[in-house]
Amino acid sequence: MNVSLVNDLSVYQQVMGVQVPPKPLSLSPATLLSLVRAQIDLLIEQEIAATLWVKLPPDKIWQSELGRYQSSVGESSLIYTCQIEERGKTGAGGDEGRVNASSSSSSPYDVSVHLPPDSQLRRENFLMVLSPQFCSLILAHRPLKKRKNQTSGKVNSNKNQPLLIITTVEGRVIQQVLNGIQKAITPESSPILPSSFICPTVPQAALMNQLLAKQLLRQDEINRQIITVRTSKLEQQNQELHNKEQLKDEYLKNVCQELRTPLTHMKTALSLLNSPNLKPPQRQRYLQMLNTQCDQQNFLITGLLELVQLERNLEGTALESVRLSDIVPGVVSTYQTVAQEKGITLAYTVPTELPSVWCVSGGLRQIVINMLHNSIKFTPNGGQVWVRARIQGDYVQLEFRDTGIGIAENEIPKIFDRFYRVRTAATEDYGGAGLGLTIVQQLLLRSGGSISVKSKLSEGSTFTIQLASVGDTPKAIATENE
């Protein structure tokens, strides 16, 4: 059985049209749910067979309350369920409570009331109980508060505002709503209630006391659920903060250790320089040690400042479209002199027809500088370093290959860690802060790229960088060490 409205209807306007209307309260949807549950509890406990006029959200949690009442009283009740007919597809910003009219309940004791898509009821939810023993109305109204969209200039409704909720058992108010419904339905529809039906002015005191008690119990239940959820979220946030603090402490510990090492060497050199029997060659060696450790300290401080600045600003840094052919040749030319001093052959192949790539603004130059610096530093005299770029699927691949000292297999997973420096010979320290590859990895992660490495001791290393080509949306890709 279906019912249609010949005239539009707003339950909220009907309620507010009575003399001295009840005062709406600004409450949450959780409070509305507790009121509905308490009402159903009372009807079931008192075995009240009533006619219900209902429009509730389509979520299962609401519909289960109606099912609970139906299964208790069965055919002695009748439920009129108001449904907003769909107007095309409704997105995430669609009107609250809009459902497909074809999704009516299969219960034989349900009556579907079809409402047009632009009905005023689309912003209202309600549960009205009609019986000779007890009448009540729970109404939630979301007022239309307009705001101007800054981008499109259109006016949109604000769905984040609280609900205006009215709950009443006053016969005069409920009768006004009932009369409005009877006037709005089509003439051929069956009467909602017998013409002799009149809402009781005030329910029995015992029923009111029980209703109040059940409302308190249900509200307490809702509050405990909310507290449980909030407590769980707070515990999760506290754990995350604790983990961050641990990482920060570990990071600071590593920083202090790294900064202390050069200082220890410098203190040792200074104490040896005070020896009265120091020979000139020894003095020169200790002075050189001081100079080297000062440089190391400077590398560490500069690298740390660079990394801190990068991590602070990286998230908000915009991506830019850049061509490898505009960056790589210039950086390679600046390292040619360094390579020649070590007798290293430095060459590159970067086709000009390669597509542009996405990268953090200014990041591509920094990536190439750090990678070339590492390749030349760890390649002995007479070695070779190649830089090659090519298309690889949706990415542009930039490869740095050298004939350097290589990396032990067990060290490869560690090389992107902060402060990690490869040391393959006890007599040789290649210096640096151990932050270059960390910075490269951070830049690539923000740009939607990745870096991997293949290496063998005494044979050299090949670092492969993938950069998203322009035309493809850059995605954050987790770095995998191969």
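**Close-up views of helix α7 and two loop residues**

**View 1. The residue after helix α7.** In this predicted model, α7 is followed by Gly343, a residue with a positive phi near 70°.

**View 2. Length and bend of helix α7.** Helix α7 covers residues 324–341, which is 18 residues. At 1.5 Å a residue, a span of 26 Å is expected, and the C-alpha atoms at the ends of the helix are 26 Å apart, so the two values agree. The helix has a kink of about 40°, and the kink is centred on Tyr335.

**View 3. The buried side of helix α7.** Tyr335, where the kink is centred, is also one of the buried residues of α7. The others are Leu324, Ser325, Ile327, Val328, Val331, Val332 and Ala339. The cover over these buried residues includes one helix, α8 (363–377). It also includes the strands β11 (319–322), β12 (345–349), β14 (384–392), β15 (395–402) and β17 (460–468).

**View 4. Val20 in its loop.** Most residues other than glycine have a negative phi. Val20 is not a glycine, yet its phi is positive, at about 55°. Val20 lies in the loop between α1 (11–16) and β2 (25–27). With a relative accessible area of 63%, Val20 is exposed, because exposed means over 50%.

**View 5. Ser458 in its loop.** Ser458 is not a glycine either, and has a positive phi of about 70°. Its loop runs between β16 (450–456) and β17; β17 is among the elements that cover the buried residues of α7. Ser458 is exposed, and its relative accessible area is 67%.

Definitions and conventions
Residues numbered from 1 in each chain as written. Predicted model: local features only at pLDDT ≥ 70, side-chain atom pairs only at ≥ 80, totals over all residues. Heavy atoms only, no water. Helix = DSSP H or I, 4+ residues; strand = E, 2+ residues; numbered from the N terminus. Expected span 1.5 Å × (residues − 1). Bend = angle between axes of the 7 residues up to and from the residue. Buried < 20%, exposed > 50% of the residue type's maximum accessible area, 1.4 Å probe, protein only. Contact = heavy atoms within 4.5 Å.
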